[in-house]
Amino acid sequence: MSLVEEIAALKEKQNAIILAHYYVPEEVQKVADHIGDSFYLAKVAAGTNAQTIVFCGVHFMGEGAKILCPEKRVLLPVPSADCPMAHMASAEKIKELKEKISDLAVVCYINSTAALKSLADVCVTSSNAVKIVRSLPEKNILFIPDENLGSFVAAAVPEKKFYYSGGYCPVHAAVKVQDVIAAKKAHPDALLLTHPECKKEVCELSDYIGSTAGIISFAEKSDKKSFLVCTEPGVLSELYVRCPDKEFYPVTGICEDMKMITLERVLNALKTGEGEVPVEKWFEKARRPLERMLELG
């Protein structure tokens with residue numbers, strides 16, 4: 001029996017589903033029941049009838065599923081897979097700013113730990129951040145942890161005042177203007193599609209800025225045949241499925257922690273139950289910001 005067949009048999013036996021982020025390896029995406037960005041996968045986790053969720057992503061993603069579905073078993077094939085940005089905000093500074101500014105909403109990017117989510121008023125993703133922030137009654141916004149995404153939202157919602165925690169995605173933030181210029185010279189007919197986790201100066205060179213799902217949708221609908229993709233290259237698997245007649249060239253590097261998630265790891269999680277996400281003390285407080293995101297987004 002092949003790995004894929006073993007996984008399928010265990011899924012059926014355990015009433016399990018596999019959720020995979022766009023950034024995990026293609027072989028894992030192929031066995032997933034649902035593939036998507038953080039917002040889409042959060043909605044699937046919240047609505048599934050499955051008793052076990054195998055979340056092929058980094059730790060904060062598994063935490064998010066467990067927060068929304070505390071009665072379900074959530075398994076992470078690689079429990080150590082992490083996102084550095086998810087930790088890049090100080091609880092003490094958040095509390096300090098909330099005490100100083102009464103009209104302040106703490107807006108937490110979903111790419112964050114459950115502990116940080118528990119300090120927020122609402123969570124957002126790159127897909128819905130502009131919409132949700134614009135809808136908030138507060139005029140002051142503390143955006144955590146990603147300052148690049150926060151700056152992108154601030155430009156779209158100039159009527160509000162923004163504060164930041166200084167966090168960033170190491171993979172997206174590593175892209176330099178000269179990298180983009182060189183890529184444009186190599187592929188002069190290609191449109192540049194950029195994730196807002198990239199720095200402002202990179203975004204300014206782009207033809208489209210949006211979430212991973214937004215990038216896929218833009219490429220799918222565009223009449224153009226060639227694209228530079230300024231986000232984690234794992235998304236190229238889905239782009240070629242949706243747009244087999246088009247060409248895509250990655251500009252960013254790879255998230256090494258996502259790369260560790262393999263079919264063998266998925267099978268092991270289903271076989272042994274290793275990597276189960278426990279309920280932590282701050283999950284109850286983190287639930288409301290996530291639920292509010294689903295309501296507003």
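At 31% relative accessibility, tyrosine 164 comes out as partly exposed in this predicted model. Tyrosine 164 belongs to strand 8, residues 161-164. Setting aside residues up to four places away in sequence, its contacts are Leu142, Phe143, Glu147, Gly150, Ser151 and Ala154. Valine 122, 42 residues away along the chain, has its C-alpha atom 15 Å from that of tyrosine 164.

What about ring pairing? The model has 4 aromatic pairs. One of these joins tyrosine 164 to phenylalanine 162, with ring centres 6.3 Å apart and planes at 20°, so the pair counts as stacked because the planes are under 30 degrees apart. Phenylalanine 162 is the buried partner, at 12% relative accessibility, whereas tyrosine 164 is partly exposed. A second stacked pair brings together tyrosine 208 and phenylalanine 218, with 4.7 Å between the centres and again 20° between the planes. This pair ties together distant parts of the chain: tyrosine 208 sits in strand 10 (residues 208-209) and phenylalanine 218 in helix 12 (residues 212-221), 10 residues apart. Both rings belong to partly exposed residues, with tyrosine 208 at 23% relative accessibility and phenylalanine 218 at 26%. Elsewhere, ring pairs join Phe227, Tyr240 and Phe248 into a cluster.

Phe143, already met as a contact of tyrosine 164, also turns up in the nonpolar interior. The largest nonpolar core holds 96 residues, and within it Cys56 and Phe143 touch the most other members. Strand 5 (residues 104-109) supplies the largest share of this core, with 6 residues. Beyond its neighbours within four places in sequence, phenylalanine 143 is in contact with Val107, Tyr109, Val124, Leu149, Gly150, Val153, Phe162, Tyr163, Tyr164 and Ser165. That list takes in both members of the stacked pair from strand 8, Phe162 and Tyr164. Another core lies apart from the big one; it has 11 residues, including Val175, Ala183, Cys203 and Leu228.

Turning to the cysteines, how many disulfides does the whole structure hold? The search comes back with 0. For cysteine 108, the closest cysteine sulfur is that of cysteine 123, and at 4.8 Å it is too far for a bond, because a disulfide needs the two sulfurs within 2.5 Å. Cysteine 108 is also buried, with a relative accessible area of 0%. Cysteine 169 is likewise in no disulfide, its nearest cysteine sulfur being that of cysteine 83, 6.0 Å away. Cysteine 169 counts as buried too, at 10% relative accessibility.

Now for the sheets. Strands of a sheet pair through backbone hydrogen bonds, either parallel or antiparallel. Here, 4 strands make an open sheet in the order 2-1-3-4, with parallel pairing. Which strands stand at the edges? They are strand 2 (34-36) and strand 4 (73-75); each has a single partner strand, so one side of each has no neighbour in the sheet. On average, and with direction ignored, neighbouring strands of this sheet are turned by 20° against each other. Strand 1 (residues 16-21) runs parallel to strand 2 and is joined to it by 3 bridges; histidine 21 has glycine 36 in strand 2 as its bridge partner.

Two helices lie against these strands. Helix 1 (residues 3-14) packs on the sheet and touches strand 1, strand 3 (52-56) and strand 4, its direction making about 125° with that of strand 1. Helix 15 (residues 263-272) lies across strand 1, strand 3 and strand 4 as well, running at about 155° to strand 3.

Strand 9 (residues 191-194) is covered on both faces. In a regular strand the side chains alternate between the two faces of the sheet. In strand 9, Leu191 and Leu193 point to one side and Leu192 and Thr194 to the other, and all are buried. Strand 9 pairs in the parallel sense with strand 11 (residues 226-230) over 4 bridges, and leucine 192 stands opposite leucine 228 there. Leu228 is among the residues of the 11-residue core. Strand 9 also pairs with strand 10, again in the parallel sense, over 2 bridges. In that pairing leucine 193 stands opposite tyrosine 208, the residue that stacks with phenylalanine 218.

Conventions: Residues are numbered from 1 along each chain as its sequence is written. This is a predicted model: local features need pLDDT of at least 70, side-chain atom pairs count only at pLDDT 80 or more; totals for chains, interfaces and linings use all residues. Side-chain values use heavy atoms; hydrogens and water are left out. Rings of Phe, Tyr and Trp (its six-membered ring) pair if their centres lie within 6.5 Å; planes under 30 degrees apart count as stacked, over 60 as edge-to-face and the rest as tilted. Buried means under 20% relative accessible area, exposed over 50%, partly exposed in between (1.4 Å probe, protein chains only). Two strands pair if DSSP finds at least two bridges between them. Axes are lines fitted to C-alpha atoms, for helices over the stretch in contact, and angles run from 0 to 180 degrees between N-to-C directions. Contact means heavy atoms within 4.5 Å. A nonpolar core is a set of buried Ala, Val, Leu, Ile, Met, Phe, Trp, Tyr and Cys residues joined through side-chain atoms within 4.5 Å.
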